[in-house]
Structure formats: C-alpha cells, structure tokens
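Visitor: I am new to this structure, and I would like to go through it slowly, asking at each step how a label was earned.
Guide: Then let us look at it together and set each value against its rule.

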Amino acid sequence: MKHGKKLTSLLLALCMVLSIAAIGVVPGAAATTYTTYAQDTIQGSNILHCFNWSYNNIKAALPDIAAAGYTAVQTSPVQRPKDYNASYTTLGNEWWKMYQPLGFSIAANNTSWLGTKAQLTSLCTEADKYGIKVVVDVVANHLANNGTDGGTYSYINSAVETDLKNSNYYHTNNVKFNDNSRYNITQYHLGMPDLNTGNSYVQQRVQGLLEECIDCGVDGFRFDAAKHIETPSDSSSFASDFWPNVLNGATAYAQAKGVDAPFYYGEILGTPGPSFNISGYTAYMAVTDNASGDRALYQAYTGSASGLANGTYDKGAGAAKSVLWVESHDTYMGTSGSVSALRNTYDVTADVLTKAWAIVGARADATGLYFARPNTTMGNASTDTTWKSAAVTEINKFKNHFVGTSESLSYSGNTTYLERGTAGVVISKLDGEGAVSLTAKKMANGTYTDQLTGNTFTVSGGTISGTVGSTGIAVVYNAGATPTPSPTTAPSGTITVNFTDALGWGSANVYYWNDGPAWPGTAMTKAEVNDFGQQVYTATIPANVTGVIFNNGSSQTVDITTDIVNGAWWYTLDEKDGNNYKVGYVEPTVEPTVAPTTAPTTAPTQAPTTAPSGTITVKFTDALGWGSANIYYWDNGPDWPGTAMTKAEVNDFGQQVYTATIPANVTGIVFNGGNSQTVDITTGIVNGAWWYTLDEKDNNSYKVGYVEPTVQPTVAPTEAPTSAPVTEPPVQTLAITNQPTDWTGNKGETATFTVAAVGQNLSYRWYYHPAGKTNWIDTGVTANTYSIAMSDARNGRAIYCKVTDGAGNSVDSNVVTMSYPAVTGPVITKQPVDWAGQDGEQVNISVTASGNGLTYQWFYWKAEKSKWIASPDTDASYDSITMESKFNGRRVYCKITDQEGNSVNSDEATISYASGPVITKQPENWYGKNGAMTNITVVAEGEGLTYQWFYRPAGKTNWIATTDTDATYNIQMSSVRNGRQVYCKITDKNGVSVNSQVATMAYPA
C-alpha cells in the first residue's frame, strides 16, 4: 500500500534468460539488493508479531524478517499508553499499559516505548523496500482507567485527551462483561471506561487515527477487543454502524491517496456470543480463530498427530477470513489459552511451537500470526530467535510458494502432514527425526527436496517416502534456482524506447537510473494503438541508463536492467514478481545502412522438405546450475538418462553451455541433470538448435527457451553441375493442423493448451482475455504450448494462439477457454471428523451432503486385506459399532450417490481411544519436622476421577498402595518416613489412567 513501490525481480534476457532474486531500487541511486519472499497481500500470508519492539528495532531487523519469509510485521498499540515513564522498562510491569490508551493519536515524542511518529514513518518506508507490510495494533473499545476497575466515565484516567472527556462518549453500565449474551459482551466493560462506539464523534476519532497511520505508510490494522464492539447485525436496541463507518471511511481515504485498501482483522477471543453469526464481523474484516490455533499447539504439546491434523476453523469464518496463531501475547503473558490444560504457554518449548507452526503456518488461504517471544525490557527486540529459525523460515517460504493452491491435512502414527497443491508437503513428526512413509492424497509422483536438510523425498504409487531431519520437520518441494545476471557496459548518447500498455493502465511513465528524474519518472508520449487495441508509448532517454521501470504512478513493472538499446520495446505481462508486473520484450528491428545496388539475379535456394539424415549438433545452456547435462532422445536412443553432453563455452552470465551430436531423425529430446529434467522437446530439432532452461515448471519438468540456429551462407559452385537439376517442391502453406481445446480443472492444477501447424520457420504467440473482458493481452509465451496454473481469477479465461511463418503470414487458432468443472452430483457440506471414545461407547461419525435422492454407503479399511470393506451403515452416520480395542485406528469414509448415479467420496475419519485424565498441577516435594502432617497434592481434569496414592521407603524399589484415595496425600512425618517417595495414579470414568510425577517427603536441609 505504498507510494512508488519498486520491489523487483530482474529479467535475464539476451536469449539466456532466467529470473532472479527479488530486489528493490532507491530512486535516483545505485541499485541495492533486498532479499524478500513476501506475498503481494497480507491476507493469506504470515505476519511476525513484534510484541513491544520499538519501531527502530523492527526496522533494524527487516533484512532478517524479509529473509525469514514474512509478508508483514505487527506492532503493539500505536496510541499513547497510560503511566508511561522512560525509566519504567520491565516488561512484566508495563506491557499491559499499552492496552490502556489515552486517546486516538499516534503517541508523540517520549510518550511510548515504541518510539515516535517519525520513526513509525521511517519503519514503513524501509519495510516497503523489502515488500514487507506494516500492521499496527489499535485499541478502540475503551480508554485508560484511573487505577480502579470500572466501565463508566467516572473511572477515566486524568491524562486522557481533553476532547474525549465527555460522559456521552462512554457506556453507562458499570457491570463487568460476560459471554452470556451479545448485550453483555458489547455493552458491559472490561475494567476500563467502555467507549460508546455508536457515537459519531468516537467513530470520527478512531477513523482519524487510522488515517494518521495511513499517512505514515501503514498497511493494516489489528483491532484489540473487537468482539466487544457491536455490529450492524446486533439487536436494534444496541447495534451500531461503527465498523462500516470507520473501516469504509479509512479505505476510501487510502484509495484517494492512491494506495491499496488496508488489511483489517479483529481480536475475537472465545465466543462472539450465543447464536451470533461470525459473519457480523467478517463482513468487514478477518477475525482471530484463537481456539483453532490453541488446539493445534496443545495437540503438538501432547504428541497427538491426529489432533494436530484437525483442520476445522472453530470460529466458522473459513480460511480466508481467519487469523491463526500457535501462541499469542495473551497466552504467553497471561492465561487466555482456550485449552484448559494449556492456558499459559510460557513453558512450551521452541521445538513444540515449531512443530505446531509447521501445520498452522503452512495452511492455505488463512493468515498466520507468529508471536516473537519478547525481550524482558520494553522496546527491545526479542532475544529468542525461533521466529527466524531455519525451520520457521522454510515453513513461511513454503506458504508463499504455494499461494493459491489447495490443501490436504492428514496424519499417520506420530506424524501430521499438510500437502499443498500437487507438488509440496510440510511434515511435522512429533516424535522427532526418522524415516516416514505417508499416504499421498494430492502429491504427484516425482522426486522432491526437503528444503531444511536437502534430503530427497520421493512420491511413488501414492506414497510419500523420505527421512525427516533432527527438527522433526520436513518442508518438501522443489524450489528451483535463481542465477544472477552479469552487469553490462553502459552506452552513451540517447535512445528511444517503446512500451505497450497491455493491461490498460491508461497512462505510462518511464523511470530510469542513474541520475534520472524523481519517481514516477518522465511521462511517455502516446504513439500508435496496436492491432489488439492496446496503446503504445514512446520516450527518449539517456543511452547510459542502467535500469528502467514503466509505471502509471500506482502500478509498475519489475526493474529492467538488460537490453536497454535504441528501439527496444517492452510490454506488460499478466504475471507478477512480488507486487510488480513482469514484462515481455521485442527485439528492435535493425535497418540496413546501405541500400542494395542491384536486385539479386538468382532465386533463393529453398530448404529441403524431406526428413534429414545423418547427424546434427545441438546445444544446451544449464541456466539453473545443474552441474552436468545429459541428452535423452527417441526413437531408438540410449536408456535414461541418455548420453552425457560435452562442455563447450561458459556464456557471459557464467552459465555452462553443453553440446552433443545426435541422429538427425530423432523425434524428441529431453535434457536432464540426472535428478532434474526439461519438458519433452519435439519441435525445432535441427542442426545448430540451442535450448536453455527456464525457472518455470510444467508439472515436475522445467520449461525451456529456444534460440533459432544460425544458417550459414553457401557459396555457389564455379562449375556447372554434372547432374540434372532437382525440381524443388513448393513451399508448404501456413495452416493449423491441430487446434487447442477447452480445458477444465480445479484450482492449482496446470492448464495446458497446444497448437500444431505446418509452414516454414513458424513462430507462436499466445493471447488471452479474462472472463467478461474483450481486450486481448499478450501472455509472452512463444512456444506452441501454453501452460498456466488454474485460479479463481483465471476461471473463464479465453485463449488463442497466433502462428506466424517466416514470410510474415499469420493465422489465428480457435479461441478456447479454461474453467472449473461444472458441479454435478452430490455436494458434501460437512465432512466426517475423527471420533474418540472409550470401550463400550457407541461410535458416531456423520456426513452432511446436498443433492437429490441421496443414498449412503460407508466403508472401512481392512489393513490385513489391504482393501476397503463395505459396512452395514447405509445412512448419513457410521454408528453400527461400539468401541473396543480392535476398532482403535480404524479409518472410514462414506460414498454418497444421487438419483442420477453421480457419486462423491467423503474425507476419511479415524476411530481412536480418547485420551485420559490430564494433570494440570503435579505433586511437589514436601519438607517438615517430626510430627508435622504432609500436604502433597495433585490437580487433574477429567470426568469421574478417582485417586490412588503409592509410596516406597528411601532406598527401596517396590511401590506400596496407601490408604489415601483423594487428591491429597496426608501422613505424619517421622524418621522412618524421611526420604519416602510418593506418586498418585488417577483414573477416569472410562478406566483410562495416568500417573503423576514422583514427590519426596524429607526433613528440612
């Protein structure tokens, strides 16, 4: 949401192209490299919560934050806190004051541990260079109290801003809130003066704070205690328009400034209220789903892989409107965890946090919030660096890599794993390192790399196999390589450059460096409108520039640092690198400098049309750094991986060029480095042909670029030929022989379109327009095949290919479309979920579906027969068995069929034993003198608990049951009992038991 953003990725051209690391440019200065893996938007990305870090300390950490794969940072509340004193720096004493603000302005100089407004602006400016967004915390529900709990105006802190000292701005109920009703939640107080958020002046002040932050460059807002502010969906007796007025007003303000709409999310801890639909909030913002995140951490903490695989969004908001965490400032500093056995997370180890984050931080479409455990000094950066550990970093980068793809969450034994699309999986092995063999639900067969250890994982026959490293986490996918181009020598003088506005920006500027004009650069001059109705612009710039960016002030291209020559021509592609559009390039036409004096007297020689014979030489540039190259060809070629190619020269970009001689009649080739390979190549296989790898895949194989071979001139013979001249066949007329066809598929799948044509020296270029649009946009693809991943934005996209021959004749293919499959048959609206219970309980797993005339058939997996068996359950519930040991671990699913015979299978659910009692406070050692009564106590949670204490004398090994059968062990101290050890066995109503830790009774030291 920034002005003049220049986060970039260089496009490596000169026919050896590859794309690189994202970089940024400071206007009018030499290029500086900024490493980042950030997504374009905050929604669906991961945010680093820099709890109580100062703005300057966040700014200093930006290189690490960007390199760790975060898209945004979140600050603590920006308002002035109550009772601030620069000498008060102890975290435990001061942090809560940040949530008792004194007004609705960014804290002025020397009034907050975070820093000043100028420092916030500087943070936003610097973050922009890394593509990092800034989210700030805002408290809008209440203001600071005077030291006494109370919700009315009479409890207002004396330092609150003067214009907010008006009783009309506060609720009049001095009752502490509870969750029994929406009225109690929104109209009662939290211990501080509760703002009347329906009051128009209060709304104006909150909106004014958001606008002040937007002016600083802030990209998003978290609203503390959002569930305590009413919505338009509440009862008319207390509903208000706070949210639409404030958020719509701030959005309009941002857009009027030419920046993106802010990201908003609200803190909704626990229930928003009985029977209240969460859509009352999600109509305006995303919400925290604390229960889902807390549950995930607890399952990792207790080693439950099946529990960690529960992907339910408890708030009911859905992924795209949910913010997830594994730990928050409230669970770390307080006791707000939604799992009773883990209210406070202070003692949870980094190992457990990371294993939970492996799943939570990789979820599709949801926004992740990673809490950086704070320094004990207010304002200082965290000394706990788990937030940028190798494991957390690779999890964040995985989420960014697979944005827009689907997910599948599963478990096996002690391992939980999350597949994204068909080419990636994050594995959380709760019992630590070791080999895994997991059922692939989505991943395609192939070889993949764990980005943490470099270990190889394979997917074959529906099984994911590999070895998880010491962290217990594997982040498995093929990330690709990113070579860096070499600099070129700058020319002198002036040159003319051209730019086609293929995306309909409406205007164009050219910004260039070094010593160029300020952003957004020089306005370009309109030239012609091309055959596709797209405006072409032109500009004259110094010939010695080292880089250009085309833009319209708000949208922009990537940095362009190669091929900046007279007559160069670029056009926008509908594909981004970071926040910036990639470009296509048209080689400038070189005009002859001397006119020919005479016309040629002989007709040109035509190329033969018969199949070649003998051998040809082909070349391959290893642009991805494989380190070796083989060529596999067919028909009748060598076995895979083919023949080793010979090293030739190293090109100007430091890339190795290989050469090989192969039969001239081969019909296809594949270049490979043993583990990595190109797509099949079946065209352009002639003597001197030259290919190079692109950093883009079609499924698991790399696409290639192609360099037309140079045709050497021939010398006419001096003597007449002794044989009769051969009559050449006529040149084959340009024609399409195989049209592309419509494609249907699901999100994340690869749509592929192919055209086949006959003619001489053919070239191809693909075009598209979005559904409902008419202007055709150049894709930049120049092969006879066009492949692209399916997404919501591409549903209904129209596509065609223009085929051109060497004489300039062209023909257009049929127009085809890519779209989602038509929905037919039953639709499952609620999937079955895992069931856990004890012996004798009736199993009850259900599915909900819509459709006409539905019938149900449940199946269970019979491991000893390795097959699915039909069960007698033929309705919407699997409930024909009662729990016993032989059913522990049973997997079931339901096949649902409609009256037309269309059917769909549900997700699998697993039957298991429920966990037993949970000890929340272990017995502790007791010290006392003779005659004193011990008081050793255990605290546990569960239903129908019974207790049995055991002891053993000092130096003995056998345990003896005592007569103590409640939660406390009481006995009089004596010399024979000095050193006695005791523990308690706790059993629930289902007979499930757990033993406490051992405690010792002894004399004082």
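**Reading the labels**

Guide: In the largest nonpolar core, which has 109 residues, the members that touch the most other members are Ile 65, Leu 120, Val 136, Leu 210, Phe 221, Phe 223 and Trp 243. Please keep in mind that this is a predicted model.

Visitor: Which residues does Phe 223 touch, not counting residues up to four places away in sequence?
Guide: Phe 223 touches Val 138, Leu 210, Trp 243, Leu 247, Tyr 264, Tyr 265, Gly 266 and Glu 267. Among these, Leu 210 and Trp 243 are also named with Phe 223 as core members that touch the most others.

Visitor: How many helices and strands are there in the protein, and what share of its residues counts as buried?
Guide: The protein has 13 helices and 66 strands, and 48% of its 1005 residues count as buried. Among contacts between residues at least 6 apart in sequence, 65% join residues at least 24 apart.

Visitor: Why does Gln 534 count as buried?
Guide: Buried means under 20% relative accessible area, and Gln 534 has 6% relative accessibility, so the label buried applies. Gln 534 belongs to the loop between strand S24 (525–529) and strand S25 (535–542), and its side chain reaches the backbone oxygen of Trp 776 at 2.4 Å.

Visitor: What makes that approach of Gln 534 to Trp 776 a polar contact?
Guide: The cut-off for a pair of N or O atoms is 3.5 Å, and the 2.4 Å between the side chain of Gln 534 and the backbone oxygen of Trp 776 is within that limit. Leaving aside neighbours within four places in sequence, the contacts of Gln 534 include Thr 500, Asp 501, Ile 777 and Asp 778.

Visitor: How do you know that Cys 216 is in no disulfide?
Guide: The structure holds zero disulfides. For Cys 216, the nearest cysteine sulfur is that of Cys 213, 6.2 Å away, whereas a disulfide needs the two sulfur atoms within 2.5 Å, so this pair does not qualify. Cys 216 counts as buried at 5% relative accessibility, and Cys 801 is buried too, with a relative accessible area of 0%.

Visitor: Why is Lys 315 said to have no salt bridge?
Guide: The nearest side chain of opposite charge, that of Asp 289, is 4.6 Å away, and a salt bridge requires the nitrogen and the carboxyl oxygen to be within 4 Å, so buried Lys 315 is left without one. The side chain of Lys 315 does reach the backbone oxygen of Gly 270 at 3.1 Å, and the residue lies in the loop between helix H10 (305–308) and strand S11 (322–324).

Visitor: What makes Arg 205 and Glu 161 a salt bridge?
Guide: Their side chains meet at 2.8 Å, N to O, which is within the 4 Å limit, and therefore the pair qualifies. The pair links distant parts of the chain, with Arg 205 in helix H6 (residues 200–216) and Glu 161 in the loop between strand S7 (133–139) and helix H5 (182–187), 44 residues apart.

Visitor: Are these two residues buried or partly exposed?
Guide: Arg 205 counts as buried at 14% relative accessibility, while Glu 161, at 23%, counts as partly exposed, because the label buried ends at 20% and exposed begins over 50%.

Visitor: How many salt bridges does this rule give, and which residues are linked in a network?
Guide: The count comes to 23 salt bridges, and Asp 137, Arg 222, Asp 224 and Glu 267 are linked in a network of them.

Visitor: Why is Asn 110 called exposed, and is Asn 52 buried or exposed?
Guide: Asn 110 has a relative accessible area of 68%, which is over the 50% cut-off, so Asn 110 is exposed. Asn 52 has 2% relative accessibility, which is under 20%, and therefore counts as buried. Each has a positive phi, near 60° for Asn 110 and near 65° for Asn 52.

Note on methods: Residues numbered from 1 in each chain as written. Predicted model: local features only at pLDDT ≥ 70, side-chain atom pairs only at ≥ 80, totals over all residues. Heavy atoms only, no water. Core = buried A, V, L, I, M, F, W, Y, C linked by side-chain atoms within 4.5 Å. Buried < 20%, exposed > 50% of the residue type's maximum accessible area, 1.4 Å probe, protein only. Contact = heavy atoms within 4.5 Å. Helix = DSSP H or I, 4+ residues; strand = E, 2+ residues; numbered from the N terminus. Polar contact = N/O pair within 3.5 Å; in protein donor to acceptor, adjacent residues only side chain to side chain. Lys, Arg positive; Asp, Glu negative; His and termini not counted.
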